2 protein chains.
Amino acid sequence: MSKLSGKSIIGFSRSDSDEVFTKAVNPATGENLEPQYFSASSDEVTKAVDLAEKAFPVYSNLPAAKRAEFLRKIAELIEEAGDAIAERGVQESGLPEARMRGETGRTTGQLRMFAALIEEGSWVDARIEKANPDREPLPKPDLRSMKRPLGPVVVFCASNFPLAFSVAGGDTASALASGCPVLVKAHHSHPGVAEIVGNCVDQAARDTGMPEGVFSLLFGGGRTIGVSMVEAPAVQAVGFTGSRSGGTALMKAAAGRQQPIPVYAEMSAVNPVVLLPEALKERGEAIAEGMLTSLTMGVGQFCTNPGLIFVPSDADPAFKQKLASLVAEAAGACMLNAGIAKAFKESTAAIAAIDGVETVATAKDAGDNCGSPAVFSVSVEKFLNNSDLEAEMFGPATLIVEGTVEEIEEAVSGLEGQLVGTVHGTEAEIKNYTSLVKALEGRCGRLVFNGFPTGVDVCHAMVHGGPFPATSDGRSSSVGTMAIDRFCRPVAWQAFPESQLPEELHNSNPLKIWRLVDGERSRDAL
Amino acid sequence: MSKLSGKSIIGFSRSDSDEVFTKAVNPATGENLEPQYFSASSDEVTKAVDLAEKAFPVYSNLPAAKRAEFLRKIAELIEEAGDAIAERGVQESGLPEARMRGETGRTTGQLRMFAALIEEGSWVDARIEKANPDREPLPKPDLRSMKRPLGPVVVFCASNFPLAFSVAGGDTASALASGCPVLVKAHHSHPGVAEIVGNCVDQAARDTGMPEGVFSLLFGGGRTIGVSMVEAPAVQAVGFTGSRSGGTALMKAAAGRQQPIPVYAEMSAVNPVVLLPEALKERGEAIAEGMLTSLTMGVGQFCTNPGLIFVPSDADPAFKQKLASLVAEAAGACMLNAGIAKAFKESTAAIAAIDGVETVATAKDAGDNCGSPAVFSVSVEKFLNNSDLEAEMFGPATLIVEGTVEEIEEAVSGLEGQLVGTVHGTEAEIKNYTSLVKALEGRCGRLVFNGFPTGVDVCHAMVHGGPFPATSDGRSSSVGTMAIDRFCRPVAWQAFPESQLPEELHNSNPLKIWRLVDGERSRDAL
């Protein structure tokens with residue numbers, strides 16, 4: 001691996017700004033990591049946006065096979081950089097090497113999944129209605145439609161996924177797949193991993209003949225660089241994974257533009273888990289063991305972390321007892337950065353201090369920058385009367401809420417939007433809780449039965465989204481192939497000559513994609 | 001037909017508010033039309049929203065066949081009320097009876113189209129990924145996803161489509177089809193037609209056993225009743241067709257809620273037409289004749305009206321001459337209401353007064369509340385330097401913009417978002433203008449070749465949308481089957497027992513819909 005430069009990637013150039021931004025910090029040791037990173041200048045932000053705007057008509061009209069080649073090349077170069085990513089990633093995130101390797105595999109898998117999706121091609125939702133000049137009262141025109149990319153997209157790297165939701169993560173992969181150039185804002189916690197991956201994307205763009213500006217990577221502050229990118233008129237959409245305050249600030253900036261643009265912000269969730277009586281009786285301790293694993297995975301720093309557990313108050317106590325003993329014996333671990341560790345301590349202290357909250361168990365404090373698992377409990381009655389109890393504790397902590405099943409259904413119905421809702425029950429008993437399951441469906445993007453909310457499979461059927469404030473736009477998913485739809489809009493062509501139509505809409509169906517022809521799904525030529 | 005009451009429909013009840021709202025005015029005569037309409041009280045708005053919220057879990061979980069029955073019944077009752085609608089519609093809109101009859105047919109056609117769409121069922125985009133416990137490094141869970149309705153939707157009636165974009169128009173039909181209850185805010189211009197159609201929807205809901213609250217119709221002011229409906233926490237989406245100021249006010253209200261919600265506002269457009277040299281040479285006069293028809297259809301009161309015509313300055317002058325003579329001889333006609341007629345006169349006067357604008361031709365003033373066709377012209381150079389020239393003149397007026405083809409491409413690239421872009425050219429010459437066509441594509445939801453922008457076919461492939469400010473959300477269409485997607489979000493179920501899954505996701509595929517199973521499209525059972 002070549003030496004890190006600390007400089008933003010502006011199209012095919014490197015920044016020459018000397019404005020100091022940050023050095024990464026190893027959260028496990030507190031030591032600064034070289035090199036110095038510099039903020040992109042405002043002229044450089046403008047230049048990156050201009051290059052993206054110029055790249056858009058070229059890039060968006062390339063054959064899908066060319067874009068797929070680009071995505072696969074990125075994946076290949078990231079794999080080649082695997083050792084460097086693992087080494088730097090562990091230093092920057094405090095996460096173990098196995099996690100870095102696993103997340104690298106997930107990232108390259110996502111890039112290849114989108115490459116395959118656009119090579120196959122049916123995702124564009126091509127629709128053809130043939131002309132009928134004899135229709136009464138009016139002749140029917142030939143109409144053909146499909147999804148087309150929106151334009152340059154700004155992607156914000158996530159603190160908790162240095163790879164899978166960062167420079168070449170799901171937002172970038174899906175936007176590039178759709179035909180949108182991408183401008184990435186790096187996260188201050190892991191600039192080194194960002195630069196390594198940014199170099200891979202940059203090299204892949206050159207190697208596969210992509211237009212300059214299809215990708216830029218900018219270092220600098222979110223409130224300055226980040227907001228100015230979102231406000232740039234040429235930018236047409238935003239992808240973000242992070243805090244509720246960060247996401248809502250971007251929503252506000254995007255809505256306040258002369259031309260408002262969509263923001264896909266995945267923000268915060270407590271991911272309610274409902275435990276039903278028969279399941280608790282049958283396997284309360286086993287559920288507690290699974291819950292501990294889910295709760296402490298990645299030091300609880302997943303947006304799908306189970307932060308709220310509803311338990312019927314007259315249920316078998318084995319679950320709660322077991323979870324308490326497991327948590328008491330669990331070990332704290334290094335969190336992603338000092339700010340997250342501090343916020344975790346503050347948020348658990350705030351929950352613990354609320355009237356009616358009992359601290360069921362806490363693990364021993366493992367020291368600076370560490371997050372120690374904790375379990376609290378409260379009655380549904382108290383929960384319903386204090387919305388602060390619904391606040392996310394970003395880290396390995398959860399709140400058990402106890403009450404009657406009727407009270408639990410009421411509480412679930414009143415929750416804010418969530419990414420995941422989980423139910424543990426027997427197949428027999430769940431039939432008695434249909435209205436509770438429906439209430440949960442109303443609040444969540446994904447429902448899990450007899451499992452745990454962490455672990456987000458990357459596939460066609462995944463929905464990683466959910467009503468506000470889980471995300472800014474519950475109509476979308478940021479994981480899986482559905483994510484590509486976020487960066488597109490439908491366009492229709494009426495009575496157009498084939499020479500001016502995308503190949504997907506040609507009579508001969510040269511790409512052999514599935515199309516809706518006069519209302520019937522078909523892969524045939526017309 | 002039963003006598004009009006002047007009262008809002010709140011679930012299955014009628015308003016008892018005595019707060020005076022408006023009487024309709026016949027724009028052709030200026031006379032007031034009975035009865036007096038009353039504003040819903042704020043308690044009644046709250047009650048209507050509460051009923052919709054309670055109806056949602058019931059209505060959204062009905063089999064699609066039941067919702068289809070409801071939609072078909074609405075269509076049937078509207079047809080039975082056809083004479084009453086035609087009579088009152090002509091009085092309220094100043095439009096001819098044939099238009100009222102035609103729009104009624106379009107409206108019932110839309111309702112039946114959505115009924116057929118949900119009966120067929122594949123629109124839900126069902127996706128199934130089968131479990132694979134042996135997958136490495138992690139087992140693959142069973143995941144199934146499909147679109148589910150958002151919740152109660154507020155629909156604002158349009159001034160210019162008393163039927164097709166009003167009480168039981170496209171927004172209502174698509175929202176009801178998806179499973180969302182609908183709260184309609186009537187337009188002050190045609191409360192009588194609103195009440196007649198509202199009675200049909202209400203009766204259909206009772207006849208087909210729908211839950212109370214699936215539909216309400218409210219009379220009252222947009223700034224009070226309308227905004228309070230948008231701000232009600234239970235409301236989850238908004239459909240609107242109207243002015244830019246009205247639409248952006250709703251966007252602001254929706255974005256400012258504690259939970260921001262999507263607004264689908266179709267607002268304003270000038271729908272650029274580009275005339276290429278060979279087409280002008282071959283058939284300039286014929287294009288002028290078609291343009292006059294498109295320009296004056298419905299007294300120019302269509303959102304797809306051709307308000308901007310780009311003509312190469314060295315082209316054959318026959319088009320411009322012919323259009324001038326046709327417009328000079330054309331007749332003005334009654335507009336929808338006094339406010340629209342006044343705004344039309346003001347907007348044409350404002351364009352005519354801009355430096356460099358030439359008044360090419362105007363029809364004779366036809367009197368109060370009438371819109372008289374008019375054509376103006378200006379150079380591209382002036383056009384590029386004054387964004388006021390891009391303002392919509394809502395009515396039968398258009399602006400010819402003359403310059404070189406290069407200048408025209410520059411002007412098209414810089415336009416605001418549009419519903420429709422049109423090109424006239426020969427099939428031979430258009431091959432030389434690919435970048436111009438692509439520039440137009442970037443600004444429009446629909447492109448028309450050798451036709452005219454008015455006339456929006458209701459079908460699967462239609463896109464009636466476009467980048468802001470044509471609509472608030474260019475990722476959507478308000479016409480055709482695509483419109484249903486606006487009111488849905490995807491939901492995934494992981495490892496769920498079949499008893500708790502929608503039928504669309506059952507192994508046996510009882511509805512025989514198209515599904516994406518492990519990435520392959522199929523109608524088979526698993």
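Is B:C303 buried or exposed? I began my notebook with that one, and B:C303 counts as buried, at 9% relative accessibility. A reminder to myself before going on: this is a predicted model.

**Entry 1: cysteines**

I searched the whole structure for disulfides and found zero over all chains. B:C303, my opening residue, is in no disulfide, and its nearest cysteine sulfur, that of B:C444, is 13 Å away. I then turned to B:C334, whose closest cysteine sulfur sits in B:C370 at 5.5 Å. Why is that pair not a bond? A disulfide needs the two sulfur atoms within 2.5 Å, so the 5.5 Å between B:C334 and B:C370 is too far. I also looked up the accessibility of B:C334, and at 12% this cysteine counts as buried.

**Entry 2: how the two chains relate**

Next I asked how chain B can be laid on chain A. A turn of 180 degrees with a shift of 0.0 Å along the axis does it, and the RMSD is 0.0 Å. That is the relation of a two-fold axis. I looked for the part of chain B nearest this axis, and the C-alpha of B:A255 comes out, 3.6 Å from it. For the interface, I noted that 100% of the interface residues of chain B are also interface residues in chain A, so the copies meet through the same surface.

**Entry 3: α3 against α6 in chain B**

On to helix packing. I picked helix α3 (residues 82-93) and helix α6 (residues 191-207) of chain B, which pack with their axes 8 Å apart at an angle of about 160 degrees. Which way do they run relative to each other? α3(B) and α6(B) are roughly antiparallel, because the angle is over 145 degrees. I wrote down the handedness too: α3(B) passes α6(B) in a left-handed crossing. On the α3(B) side the contacts come from B:A84, B:I85, B:R88, B:G89 and B:E92. Their partners in α6(B) are B:P191, B:G192, B:V193, B:I196 and B:V197.

**Entry 4: α2 against α4 in chain B**

I then took helix α2 (residues 64-80) of chain B with α4(B), and their axes come within 8 Å and cross at roughly 165 degrees. α2(B) and α4(B) are therefore roughly antiparallel to each other. Here I again noted a left-handed crossing, with α2(B) passing α4(B). The contact list has many names, so I kept a few. Among the α2(B) residues in it are B:L71, B:I74 and B:I78. The α4(B) residues include B:L111, B:F114 and B:I118.

While in α4, I checked one more residue. B:A98 lies in this helix, which covers residues 97-120 of chain B. Buried or exposed, I wondered about B:A98? B:A98 counts as exposed, at 61% relative accessibility. I also took the C-alpha to C-alpha distance from B:A98 to B:A86: the two are twelve residues apart in sequence and 8.3 Å apart in space.

**Entry 5: backbone oddities**

I went through the peptide bonds and noted cis ones before prolines. One runs from B:E34 to B:P35, with omega near 0 degrees, and B:P35 is found in strand β4 (residues 32-39) of chain B. Another joins B:E136 and B:P137, where omega is about 0 degrees. B:P137 has its place in the loop between β5 (127-129) and β6 (143-149) of chain B.

Then phi. A:K512 is not a glycine, yet has a positive phi of about 55 degrees. I found A:K512 in the loop between β21 (488-494) and β22 (515-517) of chain A, and with a relative accessible area of 47% this lysine is partly exposed. In chain B, B:K512 also has a positive phi of about 55 degrees without being a glycine. B:K512 sits in the loop between β21 (488-494) and β22 (515-517) of chain B and counts as partly exposed, at 46%.

**Entry 6: back to the β21-β22 loop of chain A**

One last lookup here: A:E503 lies in the loop between β21 and β22 of chain A. At 39% relative accessibility, A:E503 counts as partly exposed. Which residues does A:E503 touch, not counting those up to four places away in sequence? They are A:P510 and A:L511. I closed with a distance: the C-alpha atoms of A:E503 and A:A331 are separated by 57 Å, the two being 172 residues apart along the chain.

Methods. Residues numbered from 1 in each chain as written. Chains lettered and ligands numbered in written order. Predicted model: local features only at pLDDT ≥ 70, side-chain atom pairs only at ≥ 80, totals over all residues. Heavy atoms only, no water. Buried < 20%, exposed > 50% of the residue type's maximum accessible area, 1.4 Å probe, protein only. Least-squares fit on C-alpha atoms with pLDDT ≥ 70 in both. Contact = heavy atoms within 4.5 Å. Axes fitted to C-alpha atoms, helices over the stretch in contact; angles between N-to-C directions. Helix = DSSP H or I, 4+ residues; strand = E, 2+ residues; numbered from the N terminus. Parallel < 35°, antiparallel > 145°, perpendicular 65-115°, else oblique. Left-handed = near helix turned anticlockwise from the far one by under 90°.
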